[in-house]
Amino acid sequence: MKRIGFLYEQIVSVENCKLAIQNASKHKGKRQAVKEVMNNLDTYAQDLSERLIRLDFLSPYRTRIIKDGLSGKERELQIPAFYPDQCAHHAIVQILQPIFLKSSYLWSCANIPNRGIDHACKGVERATVRDKKHAKYCVKMDISKFYPSIPHDKLKERLREKIKDEKALQILFKVIDSHSPGIPIGNYTSPWFAEFFLQPLDNFIKQTLGVKHYIRYADDLVMIGGNKRELRKAMKGVMAFVTGLGLTIKHDYQLYRVQRNCKSNKHRRGRKIDFVGRCFGVGFTTIRKRRALALMRQSRFIQKLQRQNRPVSYHLASGFLSRCACFKHTNSEGMKKKYYDTVNIKKLKEVIRNESKRKSLSQCA
């Protein structure tokens with residue numbers, strides 16, 4: 001593997017620091033701390049460069065516990081200060097991003113821009129829609145507590161394999177050692193470190209094990225193939241490889257037959273692939289049950305308000321239309337007719353349009 005050098009000068013340069021502050025301030029312009037930094041951009045860019053040189057760019061994290069979406073999982077976030085922490089993280093990632101992307105697997109999603117849920121769904125549908133012959137069996141695996149479990153020594157060793165610039169490595173190691181155990185959920189650098197750390201796993205599954213269809217969304221792994229014995233062997237190989245990385249696979253891993261699209265329930269075998277909020281069968285895609293139930297409740301409530309000529313709030317209207325975007329990418333036609341077509345969408349869009357106008361006018365004032 002060719003090791004890369006001369007990164008330190010790029011990271012600490014004033015031009016890179018200025019761009020990092022501008023990128024870190026996006027969508028945060030109303031905050032007083034951000035306004036102060038942006039009003040004195042050149043001064044703070046010079047100061048950030050000096051802080052990176054003397055490794056003085058970290059401050060204590062603020063901790064916050066959130067519930068993650070419909071799953072209801074509690075996650076502990078470590079929130080860094082805007083300056084200098086977040087700005088320094090952007091300065092680091094701006095230089096490392098092209099390096100990490102160069103060795104990234106195409107169907108590694110979640111941690112890379114423009115590779116979100118839709119990209120992951122396309123990866124699964126390459127098997128379930130375009131290659132039905134080999135879409136017989138599926139393996140689903142999940143790494144247990146991925147971010148908090150990443151061992152610092154293994155991550156540092158992996159970075160040393162790629163980067164030979166010792167001064168640049170000192171900056172990276174400073175960020176890694178700022179939280180223990182693992183890497184913090186909330187740092188801008190964390191998704192990129194996580195992506196880079198699992199790249200050997202992607203190469204192992206595709207090149208060594210030869211799995212035909214493999215998609216990874218952060219720490220969720222899906223392998224699809226036509227031979228059950230080969231997938232079982234691949235599953236054991238992945239478990240051993242992940243253990244070598246210092247991580248563990250959750251105990252609820254599965255190997256099962258993928259459900260085919262049959263007209264009668266009598267001949268229907270197997271299960272759908274429940275992944276990134278959608279359910280995939282051979283030849284069709286539907287909405288995950290929890291998301292479908294939430295959409296149905298919202299639809300009924302909005303229909304009730306519209307029948308009674310009562311106003312629909314901006315939050316409810318925008319949330320419902322956002323959820324309904326899943327109909328574009330799934331085959332849930334019956335549900336669409338019952339819960340989307342029966343709602344007056346024009347009125348909901350009018351509510352959102354009026355609220356957007358009010359916000360823009362208040363900003364101008």
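Q: Hey, what volume does the largest pocket have?
A: About 1,800 Å³. A pocket here is an open set of points on a 1 Å grid over the protein atoms alone, where a 1.4 Å probe fits, with protein on both sides within 12 Å along at least five of seven lines. Its volume is the space filled by probe spheres set on the points, which are joined across faces, edges and corners. This is a predicted model, where local features need pLDDT of at least 70 and side-chain atom pairs 80 or more, while totals for chains, interfaces and linings use all residues. Residues are numbered from 1 along each chain, and side-chain values use heavy atoms, without hydrogens or water.

Q: Which residues are closest to the centre of that pocket?
A: Asp68, Lys73, Arg75, Asp219 and Asp220, out of 49 that line the largest pocket (lining means an atom within 4 Å of a point).

Q: And which element gives the most to the lining?
A: Strand S2 (73-79), with six residues. Strand S1 (62-68) and helix H12 (289-307) are among the others that each supply at least two.

Q: OK, how big is the second largest pocket?
A: About 310 Å³. The second largest pocket has 13 lining residues, and Arg278, Arg291, Ser322, Arg323 and Cys326 lie nearest its centre. Helix H6 (117-128), H12 and helix H13 (314-324) each give at least two residues to that lining.

Q: New topic: how many helices and strands are in the protein?
A: There are 15 helices (DSSP H or I, at least four residues) and 10 strands (E, at least two), numbered from the N terminus.

Q: What does the C-alpha trace span?
A: About 70 × 65 × 30 Å along its principal axes.
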